[in-house]
Amino acid sequence: MNERRQAIANLIKTTKLENTKIARELVSSNPLFEGESVESLRKYVGEVRRELYELALKEGLGIDAVAIPESRYEEPAQYELTGKIGILNDIHIPFHDKRALETAINYLIKYEPDILYLNGDIGDFYAESKFMRDPKYRDAIIEIRAIKQFLEFVKSKFQTIYYYEGNHERRWQNYLWQHAPELASLESLNLSSVIGADDLGIEFITNGSLVRAGKLNIIHGNEIQAGGLINVARNKLIRAFDNVIFGHHHFKDERIERSLSGQPIGAWGVGCLCGLKPEYRRINNWVHGFATVEVYNDGSIEVENKKLINYKVK
């Protein structure tokens, strides 16, 4: 490589300047390029950059600031839970069934979990919905206050709480992105701040994060499309290829299978704690329910998928 090419290569390797800026820098400061036009030198810089890139591919070298742009991809956050876990999901405050919710919480208080896991759709966020809405229920202030009240109550009963964002919680962020994108990045408008989770020390987990409790994956349910409302647990199991517990569908469903080596693998769909006959879906197969999970030292799990029949735990 001659002196001119070496000078260009050194700037490419040691700076993040684009081709035109490298050309200007060389013309103004390096006698080897005195009197040369910036435009012709810019093309020459591009040639050298391509040569370096091809050399890096051949020799497996890592060279910064070559043809590949910076990636904006981010790995999902990961969480590992241990011990005894109580799971509540699909409460849909303020359209919750108060008696069902009280029954589930009273059971978990006696169960004494190490972690209370709020597995999505704790609030309904009706006011932010993109669907047709009844004006008499479109009051975000009332909803937020009710969710805050619920979080304050459970925090008084359970020391460690995680709140996983369901598809209904996503309505808040989607509303801001659509109607007030200039304000969407304000920390004070983060949902975890608005509903008081941050102040209460409740860990808020973004939808799509990877949450494991031993050998069990915990998802809300919207993350894996299950192909309708038939055999939901089986379909989730097929797509997860692993143990998984979820809510979202508002009814209890389970599927346990065994691998060729004889290892059990399962999927558990957990019931809801909202009203069972909402105006938009009077006829359904929803059932009230919640779950407990115990994680042992070797990562093995014990799942109890509870349902409520006439407000009695079964």
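# A walk through the structure, starting at His248

Let us begin at one residue: His248 sits in the loop that runs between strand S8 (244–246) and strand S9 (253–258). The model you are looking at is predicted, and its backbone has a small surprise at this spot. His248 is not a glycine, yet its phi is positive, at about 80°. Is His248 buried, exposed or partly exposed? With a relative accessible area of 24%, His248 is partly exposed, because the buried class covers values under 20% and the exposed class values over 50%.

Now step back to the whole chain. Its secondary structure amounts to nine helices and 13 strands. Along the principal axes, the C-alpha atoms fill a box of roughly 90 × 55 × 35 Å. The radius of gyration is 28 Å, whereas a compact globule of 314 residues would come near 20 Å. Buried residues make up 44% of the 314 in the chain. If you count the contacts with a separation of 6 or more, 64% of them join residues 24 or more positions apart.

With that overview in mind, go to the start of the chain and look at helix H1. This helix covers residues 3–14, twelve residues in total. How far does H1 reach from its first C-alpha to its last? The span is 16 Å, close to the 16 Å expected at 1.5 Å a residue. At the N-terminal end, Asn2 acts as a cap for H1, with a side-chain oxygen 3.2 Å from the backbone nitrogen of Arg4. The buried residues in H1 are Arg5, Ala7, Ile8, Ala9, Leu11 and Ile12. A general point helps in reading such a list: an α-helix has 3.6 residues a turn, so residues three or four places apart point the same way.

Further along, the loop between strand S2 (83–88) and helix H4 (98–111) holds Pro94. Look at the peptide bond leading from Ile93 into Pro94: this bond is cis, and its omega is near 10°.

Next come the aromatic rings. How many aromatic pairs does a search of the whole structure find? The search gives seven. In one of them, the rings of Tyr117 and Tyr162 have centres 6.5 Å apart and planes at 35°, so this pair counts as tilted. Tyr117 belongs to strand S3 (residues 115–119) and Tyr162 to strand S4 (residues 161–164), so the pair ties together parts that are 45 residues apart in sequence. Tyr117 and Tyr162 are both buried. They also belong to one aromatic cluster, formed by Tyr79, Tyr117, Tyr162 and Tyr164.

Rings can have charges over their faces too. Lys84 lies over the face of Tyr111, 4.4 Å from the ring centre. Lys236 does the same over Phe246, at 4.9 Å from the ring centre.

Strand S3 deserves a second visit, since Asn119 is found there. Asn119 is buried, with a relative accessible area of 1%. Apart from neighbours within four places in sequence, Asn119 is in contact with several residues, among them Ile87, Asn89, Tyr164, His220, Phe246 and Gly247. Shortly after, in the loop between S3 and helix H5 (140–157), you meet Asp121. Asp121 has a positive phi of about 55°, although it is not a glycine. Asp121 is buried, with a relative accessible area of 1%.

Lys236 leads us to helix H9 (residues 232–240), where Val232, Ala233, Asn235, Lys236 and Leu237 are buried. What do the buried residues of H9 pack against? They pack against S8, S9 and S10. Just after H9, Phe241 takes a positive phi of about 55°.

Our last stop is Leu273, in the loop between strand S10 (264–269) and strand S11 (288–295). Leu273 is buried, and its relative accessible area is 0%. Leaving out residues up to four places away in sequence, its contacts include Leu88, Asn89, Ile91, His96, Ala100, Leu101, His288 and Leu308. Leu273 and Val287 are 14 residues apart in sequence, and their C-alpha atoms are 8.1 Å apart in space. One residue links two of our stops: Asn89 is in contact with Asn119 and is also touched by Leu273.

Notes:
Residues are numbered from 1 along each chain as its sequence is written. This is a predicted model: local features need pLDDT of at least 70, side-chain atom pairs count only at pLDDT 80 or more; totals for chains, interfaces and linings use all residues. Side-chain values use heavy atoms; hydrogens and water are left out. Helices (H or I, at least four residues) and strands (E, at least two) are DSSP runs, numbered from the N terminus. The expected span of a helix is 1.5 Å times one less than its number of residues. Buried means under 20% relative accessible area, exposed over 50%, partly exposed in between (1.4 Å probe, protein chains only). A polar contact is a pair of N or O atoms within 3.5 Å; within protein, one must be able to donate a hydrogen and the other to accept it, and residues adjacent in sequence count only if both atoms are side-chain atoms. Rings of Phe, Tyr and Trp (its six-membered ring) pair if their centres lie within 6.5 Å; planes under 30 degrees apart count as stacked, over 60 as edge-to-face and the rest as tilted. A charge sits over a ring if NZ of Lys or CZ of Arg is within 6 Å of the ring centre and within 35 degrees of the ring normal. The radius of gyration is taken over C-alpha atoms; the globule rule is 2.2 Å times the number of residues to the power 0.38. Contact means heavy atoms within 4.5 Å.
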